[in-house]
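Student: I'm new to this one and would like to know how the labels people put on a structure are earned. Could you take me through a few?

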Amino acid sequence: MQLDADGWVCEAEKLPSPNCDDFAAPAATPLLVIHNISLPPYQYGGPGVPQLFSNSLDPDEHPYYATIAGLRVSCHFFIRRDGSLLQFVPTSRRAWHAGVSQWHGRERCNDFSLGIEMEGCDYEPFCHAQYRTLAALAALLQRDCGVTAITGHEFIAPGRKSDPGPYFDWARLSASIGRVLPEN
């Protein structure tokens, strides 16, 4: 994988989200936060996640959508079940993925992190293709963006968030990138 000068991964499908802004200062992004998402819940492959991140989710399309259609959220990356990679926010900008959060005494993790959403849920395993893409992406972000730690949303927002959940295989990701994870 390669990162262009504007912070877009060349191999990713580029779907710019309006739900981002500039980092407060030319900040390092030492933290990579892993999440999970599926829209509608527990259904995969549809347009729901890209629609959510582009503010185009139709609240009448599914009952759950009516409860979240007003959210203004995003992430940097989304890895589908087949391993395909979508990018919504360049690594040079702040995505709105972590919410109220804290890591090593620092609040507002969006200010110093990149976010990756895995297509999935807390109640079933992720796919081999997703781990393959995640490992390649994590290696790129460590090398080119200064990422020094990787953790889950559940560890930076305990009690509020549970993703990527108990089926996320931290040992598998650890082995593929050669470091012990998650880093809390």
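Student: What makes H3 and H5 count as being in contact?

Tutor: This is a predicted model, and contact asks for heavy atoms within 4.5 Å. On the H3 side, His-128, Tyr-131, Leu-134, Ala-135, Ala-138 and Gln-142 meet Arg-172, Leu-173, Ser-176 and Ile-177 of H5. The residues of this contact split into six nonpolar, three polar and one charged.

Student: Why is Arg-172 put in the charged class?

Tutor: Arg is listed with Asp, Glu and Lys as charged, so Arg-172 of H5 goes there.

Student: Why is H3 called oblique to H5?

Tutor: Helix H3 spans residues 128-145 and helix H5 spans residues 170-177, and they pack at an angle of about 50° with their axes 10 Å apart. Under 35 degrees would be roughly parallel, and 65 to 115 roughly perpendicular. About 50° fits neither range, so H3 is oblique to H5. Their crossing is right-handed.

Student: On to the largest pocket. How much space lies in it, and which residues lie nearest its centre?

Tutor: About 670 Å³. Its lining has 29 residues, and Asn-36, Ile-37, Tyr-64, Glu-117 and Lys-161 lie nearest the centre.

Student: How do you know that those residues line the largest pocket?

Tutor: A lining residue must have an atom within 4 Å of a pocket point, and Asn-36 is one of the 29 residues in that lining. Strand E3 (31-37), helix H1 (48-53) and helix H2 (63-68) each give two or more residues to the lining, with E3 giving the most, three. By class, the lining has 14 nonpolar, 10 polar and five charged residues.

Student: Which peptide bonds are described as cis, and what are their omega values?

Tutor: One runs from Asp-163 to Pro-164, with omega near 10°. Pro-164 sits in the loop between helix H4 (153-156) and H5. Another cis bond joins Leu-181 and Pro-182, where omega is about -5°, and Pro-182 is in the segment after H5.

Student: What is noted about phi of His-104?

Tutor: Phi there is near 50°, a positive value in a residue other than glycine. His-104 is in the loop between strand E7 (102-103) and strand E8 (106-107).

Methods. Residues are numbered from 1 along each chain as its sequence is written. This is a predicted model: local features need pLDDT of at least 70, side-chain atom pairs count only at pLDDT 80 or more; totals for chains, interfaces and linings use all residues. Side-chain values use heavy atoms; hydrogens and water are left out. Axes are lines fitted to C-alpha atoms, for helices over the stretch in contact, and angles run from 0 to 180 degrees between N-to-C directions. Helices (H or I, at least four residues) and strands (E, at least two) are DSSP runs, numbered from the N terminus. Angles under 35 degrees count as roughly parallel, over 145 as roughly antiparallel, 65 to 115 as roughly perpendicular and the rest as oblique. A crossing is left-handed if the near helix is turned anticlockwise from the far one by less than a right angle, and right-handed if clockwise. On a 1 Å grid over the protein atoms alone, a cavity is a set of points where a 1.4 Å probe fits but cannot get out, and a pocket is an open set with protein on both sides within 12 Å along at least five of seven lines; lining residues have an atom within 4 Å of a point. Grid points are joined across faces, edges and corners, and a volume is the space filled by probe spheres set on the points.
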